[in-house]
Amino acid sequence: MMKVPFSTFAPMHGEIREEMLAKFAQVYDCGWFIQGSECEAFEKEFAAWNDAQYCVGVATGLDAIYLALKAMGIGAGDEVIVPSNTFIATALAVSYTGAKVVLVDPDEETYNLCGKGLEEAYTPRCKAIIPVHLYGQAAEMDEILAFAREKGLYVLEDCAQSHGATYKGKKVGTFGDVGCFSFYPGKNLGALGDGGAIISNNEELANKIRCLGNYGSTKKYHHTYLGTNSRLDEVQAALLRIKLTHLDDYNKARNTVADKYIAGIRNPKIRLPKTGCDRTHVWHLFAVLCDDREALKAHLEERGIGTVCHYPIAIADQECYQKEQLAHLPVAEYIAASELSLPMYYGMTDEEVQYVIDAVNAF
Ligand SMILES: Cc1ncc(COP(=O)(O)O)c(C=O)c1O
């Protein structure tokens, strides 16, 4: 029986092994591990790749969102709109600031926020909105930006799953005030540990985020803010620089797999993902919906195919949010009950893709 994992680094890390090890040796020998030339170079290169002016490397994607919200002055008494079906980190970052999470259901076709439901969720305490480009697809930015402009809200794009996705030809992360990225290993651009970054065209915000992540300091031992320690280290930045040079190829390969899934999967019990108009998808996850998700998962497992559910419990139903009494929303509940992500990784062979297609069609 063929075995197809949900994800594997093997083809990618095999190809760049020598390059990565040589770079690691270079940083190792250099002996400078925090706030050095590798992070500075990565920030410049990642900003340029996204066509943004500024980039600040931080320790995680969660920190990127948290620090950006803090830099916007968001805290207790404020509200922030968050999609009801995102990964918990988006909501946690808001909660850490002391602000209240206000959940809004996504569009049923793209699983991402659009203009729908925003007006109903809005109160004068609302200070920001966080569109998440979930699974790798850009959210409906025109509608979100128009709403934010009308209400005077900050727009923070959560790009943790969408490195390189575009909306009307422009990369995500460059529409709002900041774009926040995660470099968790499994992301489309993944470090060999934790990492994150924010991109922005707002110099003041970028500088404040950098300062907040450096103990609230821009001058050694002088502390302007009650900051924290959240920096992208030299080893991760150096290795990310190498992967960044291949990221377009990595995303292209994921697209090829997704195209084959979409052309090949024909099963009335499976709902395939749809890409909205004027945007691209970088297929961080190939998320299908199925009313009998557990049976589908078991069926694929029996055939040696790995799958993961993103995410089985909606934010409003998480134990940690029971005191907040967040809105239990139907689209989020439906996705949590029926989503299953099929195998998706760089280097997946045609045979592996076809094997998954046949197994899904046989369900
Ligand atoms: C949508 C979303 N936001 C935020 C994060 C947080 O990123 P990190 O794991 O780097 O903290 C993740 C990934 O884990 C994510 O998928």
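These are my notebook entries on one protein chain and its ligand, taken from a predicted model.

**Entry 1: overall build**

I started with the secondary structure. I found 12 helices and 13 strands in the protein chain. Next I checked the radius of gyration. For the protein chain it is 20 Å, and the globule rule gives 21 Å for 363 residues, so the chain is as compact as a globular protein of that length. I also looked up the extent of the C-alpha trace. Along its principal axes it spans about 65 × 55 × 40 Å.

**Entry 2: burial and contacts**

How many of the 363 residues count as buried? I noted 48%. Then I turned to contacts with a separation of 6 or more. Residues 24 or more positions apart account for 70% of these.

**Entry 3: two domains**

I looked up how the chain is divided. Domain 1 covers 10-241, and domain 2 covers 246-361. Their C-alpha centres lie 23 Å apart. In the contact list, 32 residues of domain 1 meet 32 residues of domain 2. Which elements give two or more residues to the domain 1 side? I wrote down helix H1 (10-15), H5, strand E3 (100-104) and strand E6 (166-167). By class, that side of domain 1 has 15 nonpolar, 11 polar and 6 charged residues.

**Entry 4: around the ligand**

I counted 15 residues around the ligand. Gly61, Leu62, Ala89, Ala160 and Ser182 come nearest. Helix H4 (61-71) and helix H5 (88-97) each supply at least two residues of this shell. I sorted the shell by class: 6 nonpolar, 7 polar and 2 charged residues. I marked helix H5 twice, since it appears in the ligand shell and on the side of domain 1 that touches domain 2.

Conventions
Residues are numbered from 1 along each chain as its sequence is written. This is a predicted model: local features need pLDDT of at least 70, side-chain atom pairs count only at pLDDT 80 or more; totals for chains, interfaces and linings use all residues. A residue is near a molecule or strand if its C-beta atom, placed from the backbone, lies within 6 Å of it. Helices (H or I, at least four residues) and strands (E, at least two) are DSSP runs, numbered from the N terminus. Ala, Val, Leu, Ile, Met, Phe, Trp, Tyr, Cys and Pro count as nonpolar, Asp, Glu, Lys and Arg as charged, and the others, Gly among them, as polar. The radius of gyration is taken over C-alpha atoms; the globule rule is 2.2 Å times the number of residues to the power 0.38. A residue is buried if 20 or more other C-beta atoms lie within 10 Å of its own, exposed if 12 or fewer, and partly exposed in between; C-beta atoms are placed from the backbone. Two residues are in contact if their C-beta atoms, placed from the backbone, lie within 7 Å. Domain bounds come from an automatic or database domain assignment.
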